[in-house]
Structures are given as structure tokens and as C-alpha cells.
Amino acid sequence: MSTPAARSDGRPHPEAPHPEAHPADLDEVSDAALRLWVILSRAQAAVASHAAADVSRHGLTLAEFGILEALYHRGPMLLGEVQRRILVSSGGITFLVDRLTAKGLVERRSCQHDRRARYAALTEQGTAFVAEIFPVHAAVVTRAMSGLSPEDQRACAAVLKALGRTAAALPLPEAER
């Protein structure tokens, strides 16, 4: 199927390549992989915008909400464990927990077995806060995901989990020196 070069009014068709564009000239496997990457990125951004808008109504970022949600559903965790769970840097987790502590939602606790380790835990206020806002947040994300049936969501989750595990196991490209 070819894309028309121009509309009937003479303007270029929005899907027509620009004369200065360079075709990707990829094999079928690479073309499929890059197309999936773009679609996956756009879908993630679209769903994340709904989640971010919801939590911002409560003065939170998605990362802050991620910490609160993890602590609510898993209980107190070592800071490193929280960091790995919500995918932020070690400096980032310290900054985020500091912000949540200043808001009275999270507290740091000492580890009995390792004096260097610290736990993050919800305060009583934090627990009540998450209990109040989580059901609405879950509904917002559910609505944003409604383009797929629950069965398709489960299948998609399984496929994406396999994709993520494979990508995580591959060595990263070496940085140019």
C-alpha cells in the first residue's frame, strides 16, 4: 500500500515522507523491533500521563506515589529495596524519601541487624493518606488501560515481562570512549 504524495488541494499528505527524509532500510526483524519500541513508549507515556495527573492532585510525583504505594502494600522496606522496586537512583531515593518525610508521610527506621541500613516505613498519616487516595488512583489507571480487555491486559503483561527479563539479561552496549 503506497502513501499518497499530495492531497487533492496540493498540500503534502501528512504521512508522505519529506523529500529530505532518509528511509530506514531495515530488515524485517529490526523494523518490527523499532516499531514496537515506539508504540510501547507512546503507550507508556499516554497511560503515565493519566497516573501522573491523578497523583499530582495530591501534591505528589509518580515516583513519590510509587514509594508510598510500595510501602503500603509491602510494609517497611530497606531503602535499597525501595530504590530497585520503583527504579530510581540511590541518590534519587534519598531525595524522594526526604521529601515524603518532610510531608509527614514516611519515616526512616534503623535496621537491628545492620546499623548502616535504614528502612522506609509509612507513618500513621501516610497509611491513612494512601488508603484514601489509592482506590481512586487504581480506577484512573484501570480507565487508562481500558483499551484492552482484562484478558488482553494479562496476556500483554506476560509478554512484556518476558521482554523485560530478556532485555535486562543482555549486556548493555559499551559507551564510546
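This report describes a three-stranded sheet, a pair of packed helices and two loop residues in a predicted model.

Because the model is predicted, local features need pLDDT of at least 70 and side-chain atom pairs count only at pLDDT 80 or more, whereas totals for chains, interfaces and linings use all residues. Residues are numbered from 1 along each chain as its sequence is written, and side-chain values use heavy atoms, with hydrogens and water left out.

**The sheet**

Helices (H or I, at least four residues) and strands (E, at least two) are DSSP runs, numbered from the N terminus. Three strands form an open sheet in the order 1-3-2, with antiparallel pairing, where two strands pair if DSSP finds at least two bridges between them. Strand 1 (77–78) and strand 2 (106–110) stand at the edges with a single partner strand each, so one side of each has no neighbour in the sheet. Strand 2 and strand 3 run antiparallel and are joined by five bridges, and R108 stands opposite A120 in strand 3. Helix 2 packs on this sheet, touching strand 1, strand 2 and strand 3 (contact means heavy atoms within 4.5 Å), and the direction of helix 2 makes about 85° with that of strand 3.

**Helix 2 against helix 4**

The axes of helix 2 (residues 62–74) and helix 4 (residues 90–102) come within 10 Å and cross at roughly 75°; axes are lines fitted to C-alpha atoms, for helices over the stretch in contact, and angles run from 0 to 180 degrees between N-to-C directions. Helix 2 is therefore roughly perpendicular to helix 4, a term for angles of 65 to 115 degrees, with under 35 counted as roughly parallel, over 145 as roughly antiparallel and the rest as oblique. On helix 2 the contact is made by A63, E64, I67 and L68, and on helix 4 by I93, L96, V97, R99 and L100.

**Two loop residues**

The table sets out the relative accessibility of T123 and L87, where buried means under 20% relative accessible area, exposed over 50% and partly exposed in between (1.4 Å probe, protein chains only).

| Residue | Relative accessibility and class |
|---|---|
| T123 | 15%, buried |
| L87 | 75%, exposed |

T123 is found in the loop between strand 3 (118–122) and helix 5 (124–144), and touches G104, L105, V106 and E107, leaving aside residues up to four places away in sequence. A polar atom of the T123 side chain lies 2.9 Å from the backbone nitrogen of G126. L87, in the loop between helix 3 (79–86) and helix 4, has a phi near 60°, a positive value in a residue other than glycine. Most residues other than glycine have a negative phi.

Definitions and conventions. Polar contact = N/O pair within 3.5 Å; in protein donor to acceptor, adjacent residues only side chain to side chain.
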